[in-house]
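Here's a quick briefing on one sheet and what surrounds it. Have the sequence and the 3D view open as you read.

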Amino acid sequence: MRLFPHFIASSLGTELIYFNQEQYGERDKIWEKNLIKTVFSDKVVNDLVNFLKLDNINLISQPQIEDCCFLKNYYYYQQNKQLDAQALLKIKDLVIKANIEVNISKCNPLSGDPDNCYDVDFIPSGTGKKHIVNFIFCLKIAKFCGALSFLIRQSSSLKVTSST
């Protein structure tokens, strides 16, 4: 008996890796091709970060995950409630205009993050848990429909004979 997940979605839903008999530890090529087609890039993120600097919203780059090109991580250091609310709203507004997404959460110093900070993670549009689940669900339906279509074609080509 084997007990492990069939797939792992990681890096805020920007990576999809399979663990089954056909694909052990392989990335989903279709998922990656979909992400490549988005507008997400280093340039888009750098332009956003530089534009935010003009409004004194300074994002400090975090060490990036080496092989994850669809996730860019930054820290935003808290200042006061009013400025922070304005800054986070501005970040959210700009990513919508840039057609990418952002995940903002309070940092956890117990995991090595600095105190009094937010994690600001830029990701392509269409990523995340909900999108991964929908993607896999659609793949399963497509496989099922393909198999069903094959069975229907096979059964329609069978000749029915009567043995009376």
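**The sheet at a glance**

Four strands line up in the order E4-E5-E7-E6 to make an open sheet, with antiparallel pairing. E4 and strand E6 (100–106) sit at the edges, each pairing on one side only. From one strand to the next, the twist averages 30°. Keep in mind that this is a predicted model.

**What packs on it**

- Helix H3 (residues 81–98) packs on the sheet and touches E4, E5, E6 and E7.
- The direction of H3 makes about 155° with that of E6.

**Strand E5 and its partners**

- On one pairing, E5 runs antiparallel to strand E4 (residues 59–61), and 3 bridges join the two.
- Within that pairing, leucine 59 has tyrosine 76 in E5 as its bridge partner.
- E5 also runs antiparallel to strand E7 (residues 117–124), this time with 6 bridges joining them.
- Here tyrosine 74 stands opposite valine 120 in E7.
- As general background, strands of a sheet pair through backbone hydrogen bonds, either parallel or antiparallel.

**Burial**

- How many of the 6 residues of strand E5 (residues 72–77) are buried? The count is 5, so the strand is largely enclosed by the rest of the structure.
- Buried here means under 20% relative accessible area.

Notes:
Residues numbered from 1 in each chain as written. Predicted model: local features only at pLDDT ≥ 70, side-chain atom pairs only at ≥ 80, totals over all residues. Heavy atoms only, no water. Buried < 20%, exposed > 50% of the residue type's maximum accessible area, 1.4 Å probe, protein only. Pairing = 2+ DSSP bridges. Axes fitted to C-alpha atoms, helices over the stretch in contact; angles between N-to-C directions. Contact = heavy atoms within 4.5 Å.
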